Amino acid sequence: MSNKPVPLLARLRKPTTLLLAAGAALVVGAGAVRRRTPGSPPRTRSASRPSASGPPRPRALKLLVTAHERLADGVVLLRLEGTGLPTWEPGAHLDLVLPSGLVRQYSLCGDPEDTSSYTVAARLVEDGRGGSRELHEQVQEGTELEVRGPRNRFPLVDAPSYAFVAGGIGITPVLPMLRALPEGAEWRLLYGGRTRASMPFLEEVEKLDPEDARLTVVAEDEDGRPDPGAFLAGLPEGAAVYCCGPEGLMAAVAERLPDGAVLHLERFAPRTTADGDGEFEVELHRSGRTLTVPGGSSVLAAVRAELPNTPYSCEQGWCGTCQQTVLEGEIDHRDELLTDSERGDSMLICVSRCRGTRLVLDM
């Protein structure tokens, strides 16, 4: 009998292994929107939204990185081990605090009952803001990382049928959903990527559909871009459509969503709004200063020019570090982290803006 160690990736192919994975800029919250008939207003299905930035904060854990391996082209897999880890449900994610202090979010996938380890897969973003590169190049076996969570803003709901659309690293939150579907459930999956070699978990995904009846794999270098319209055609009333991937892919899925289907999105970046990025003023009430926030810049950038010690981390509206109280003005919320009650008098100044011409912050 051989005593040769089994590679981590091989061990992760077992169905009872817990995986946690994330996009390079993952995760921004989930929304559920039902396809509307022409002329009707949008309809939104709201899920419970536990606070992530105000009290109570998620419990912080210290976990040890016990493995660091290549998963696909540009993607690394890290295993983080601990004891008595919280369980989770498909769609949940964690906040990972990197050694530099940057906070990034990573989707969990695998066995929610495993309480001994989490695993993260991260794609390297060459022109990103440094989080993915730090995870690829600086974090290694033996590194201890702080982890917060889990939280779930992308939950799997009961539905008569399911359609999943994943782009590249966006496959990661979808995997546990596929495993959690009841036997006999009607589902289909469209999984796209630049090349097959760059698509993480592709081999595992293909094993979920050995008869090749439910799975459509599209590698752009071989097949061109995926066609969400053709994939979504014929969905029954009430079908749940889950999409995680680049903004262009999610926009295409939303545009081609059949009437009666319900769309759930997991974003890699903060959403934009129709209000645009016009210039406005921000008064810092306690500091007695008034700042101008130019179009295309952020409140955080303007504030830090005056108050350089203002805390921040992700700059994507995910972590809540930069949350500030708003005393006056109408907020254009562009995060999906804050609860409805928090949105009344606070904002994440890294992404959210002003709907009018002036905000007053308690700073």
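Select strand β11, residues 187–193: seven of its seven residues are buried, so the strand is largely enclosed by the rest of the structure. Buried means under 20% relative accessible area, exposed over 50%, and partly exposed in between (1.4 Å probe, protein chains only). Strands (E, at least two residues) and helices (H or I, at least four) are DSSP runs, numbered from the N terminus.

This is a predicted model, in which local features need pLDDT of at least 70 and side-chain atom pairs count only at pLDDT 80 or more, while totals for chains, interfaces and linings use all residues. Residues are numbered from 1 along each chain as its sequence is written, and side-chain values use heavy atoms, with hydrogens and water left out.

**The two faces of β11**

Show the side chains of the strand. Trp 187, Leu 189, Tyr 191 and Gly 193 point one way, Arg 188, Leu 190 and Gly 192 point the other way, and all are buried. In a regular strand the side chains alternate between the two faces of the sheet.

**Its partners**

Add β10, residues 162–167, which runs parallel to β11 and is joined to it by six bridges. Two strands count as paired if DSSP finds at least two bridges between them. To locate one bridge, pick Ala 166, whose partner in β11 is Tyr 191. With helix α3 (residues 174–180) included, β10, α3 and β11 make a right-handed β-α-β unit. Right-handed here means that, with the strands pointing away from the viewer, the path from the first strand over the helix to the second runs clockwise.

Next add β12, residues 215–219, which pairs with β11 in the parallel sense over five bridges. Gly 192 has Val 218 as its bridge partner in β12. The chain passes from β11 through helix α4 (residues 202–207) to β12, again as a right-handed β-α-β crossover.

**The core around Ile 171**

Select Phe 164, Ile 171, Leu 189 and Tyr 191, which touch the most other members of the largest nonpolar core, a set of 28 residues. Such a core consists of buried Ala, Val, Leu, Ile, Met, Phe, Trp, Tyr and Cys residues joined through side-chain atoms within 4.5 Å. The elements that give two or more residues to this core are β4 (60–72), β5 (75–81), β10, α3, β11, α4 and β13 (240–244). Helix α3 supplies the largest share, four residues.

Centre on Ile 171: leaving aside neighbours within four places in sequence, Ile 171 is in contact (heavy atoms within 4.5 Å) with Ala 166, Leu 189, Tyr 191, Pro 200, Phe 201 and Val 205. Apart from the largest core lies another, of 23 residues, among them Leu 300, Leu 337, Leu 348 and Val 351.

**Salt bridges**

A salt bridge is a side-chain nitrogen of Lys or Arg within 4 Å of a carboxyl oxygen of Asp or Glu. The count by this rule is 19.

Stay on α4 and select Lys 207 and Glu 203, which form a salt bridge with the closest N and O atoms 3.6 Å apart. Lys 207 is exposed at 55% relative accessibility, and Glu 203 is partly exposed at 41%.

Move to helix α2, residues 131–137, where Arg 133 and Glu 137 lie four residues apart, about one turn of the helix. Their closest N and O atoms are 2.6 Å apart, and the two form a salt bridge.

Then select Asp 335 and Arg 343, whose side chains meet in a salt bridge (3.6 Å, N to O). Asp 335 is buried at 0% relative accessibility, and Arg 343 is buried at 14%.

The last stop is Glu 330, Asp 332, Arg 334 and Arg 355, linked in a network of salt bridges.
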